[in-house]
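Have the model open beside you? Let's walk through it together with a few questions and answers.

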Amino acid sequence: MNEMFDRASVLPVILALAVALIVSFALTPAVKWLAVKIGAVDVPKDKRRMHDHPIPRLGGLAIFISFVIAVLLFADVDRPLRGILLGSCIIVAVGIVDDSHPLGAGIKFILQIVAALIAVWHGVLIEMIANPLPFGETYWDFGIMAVPITVTWIVAVTNSVNLIDGLDGLADGVSTIAALTMLIIALLMRDMEMAVLCAALAGGCIGFIPYNRNPAKIFMGDTGATFLGFVLATVSVTGLFKLYAVISFVVPFIIMGFPIFDTVSAFTRRILKGQNPMKADRSHTHHKLIDMGMNQKQAVATLYMVATLLGLCAVMIVVSGYVKVILSIAALVGTAYTVARIVRYPHDHHKQDVPAEESPEEKKED
């Protein structure tokens, strides 16, 4: 255990987190100024907005820059990491344009696939997972299907994080929890390269939180939300999906459980109602919490707890035996039941204004 946390190996991880945090915190005011200059501002147009004044929405640029600086300083930039960084540049460039002059969903989707393919081309690939069944081969080798499976995972997580970005500090905080969870797992598995990436991402998110928490001074916008989703997805492929132990393949799904569940449930509900799945409505989990009478801070705190519980379950599954796995599954069932009750809560009860940060879906309707 001491060998795992010796000073020499863990120092780059600590420095990556610290540098990213400081750069993100110091850079955000400048990014806020830039957002105003280029018109990347969320102007309240109706009663759905809780904020009553224009708020810049380019904050994710500060997180991106802090992440890149920390990674270049403390990580070994191999081929897969190069692919992650190149794909991230495309995601952020699209986000900057979208935050200033909204793009069509189709164009964004195509460019996200391009970014994912760049990462895959550089070796970010889900090649196989452990067979969870008591029969058959030990591992499932995806072969040529590894490419579409990996691209689907990356694009899905990228958009899932973007779609939960509807309350001050929600997407940033949930991403921080996910990054810290992956950081802990990386340290436990002695994967120091993955640890540096997760530390850099967590540091960038933490440095941005003081500006993004309620009442927000700046939003991360699509620039930040899609970037966070993209990095979490690709880092999980290079690290977590490489854990071929039985049941460990579910770990990435557990860590990203809240945004994935929220997106799937919202889309499913819209489709069952015969609606366009991309059409904005108040069907997201954070909307339901607001409708139940919570204020923004209470709703965000509740979802932070859900994300933290999922993170703890993921860590327990990685580190140990069947007893802890069973306890983790029990905790997951309890969490799923609680969230399901929230989702089933009639969303037209306690009508309130839509949360402060404009969702990417709503932005397209303006």
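The questions below look at a pair of helices and then at a cavity in this predicted model.

Q: How are α6 and α7 oriented to each other?
A: The axes of α6 (residues 170–188) and α7 (residues 192–212) come within 8 Å and cross at roughly 155°. Angles over 145 degrees count as roughly antiparallel. The two helices, α6 and α7, are therefore roughly antiparallel.

Q: Is the crossing of α6 and α7 left-handed or right-handed?
A: Handedness depends on which way the near helix is turned from the far one, anticlockwise or clockwise. For α6 and α7, the crossing is left-handed.

Q: How many residues of the contact of α6 with α7 are nonpolar?
A: On the α6 side, the residues in contact include Ala-179, Leu-180 and Leu-183. Their partners in α7 include Cys-198, Leu-201 and Phe-208. Across this contact, three residues are polar and one is charged, while the nonpolar ones number 17.

Q: What space lies in the second largest cavity?
A: The model has three cavities of 30 Å³ or more. In the second largest of them, the space comes to about 60 Å³.

Q: Which helix gives the most to the lining of the second largest cavity?
A: Among the lining residues are Ile-90, Lys-108 and Asp-222, and the lining as a whole divides into three nonpolar, three polar and two charged residues. At least two lining residues come from each of α3 (79–100), α4 (105–121) and α8 (221–238). With four residues, the helix that gives the most is α3.

Methods. Residues are numbered from 1 along each chain as its sequence is written. This is a predicted model: local features need pLDDT of at least 70, side-chain atom pairs count only at pLDDT 80 or more; totals for chains, interfaces and linings use all residues. Side-chain values use heavy atoms; hydrogens and water are left out. Axes are lines fitted to C-alpha atoms, for helices over the stretch in contact, and angles run from 0 to 180 degrees between N-to-C directions. Angles under 35 degrees count as roughly parallel, over 145 as roughly antiparallel, 65 to 115 as roughly perpendicular and the rest as oblique. Contact means heavy atoms within 4.5 Å. Ala, Val, Leu, Ile, Met, Phe, Trp, Tyr, Cys and Pro count as nonpolar, Asp, Glu, Lys and Arg as charged, and the others, Gly among them, as polar. On a 1 Å grid over the protein atoms alone, a cavity is a set of points where a 1.4 Å probe fits but cannot get out, and a pocket is an open set with protein on both sides within 12 Å along at least five of seven lines; lining residues have an atom within 4 Å of a point. Grid points are joined across faces, edges and corners, and a volume is the space filled by probe spheres set on the points.
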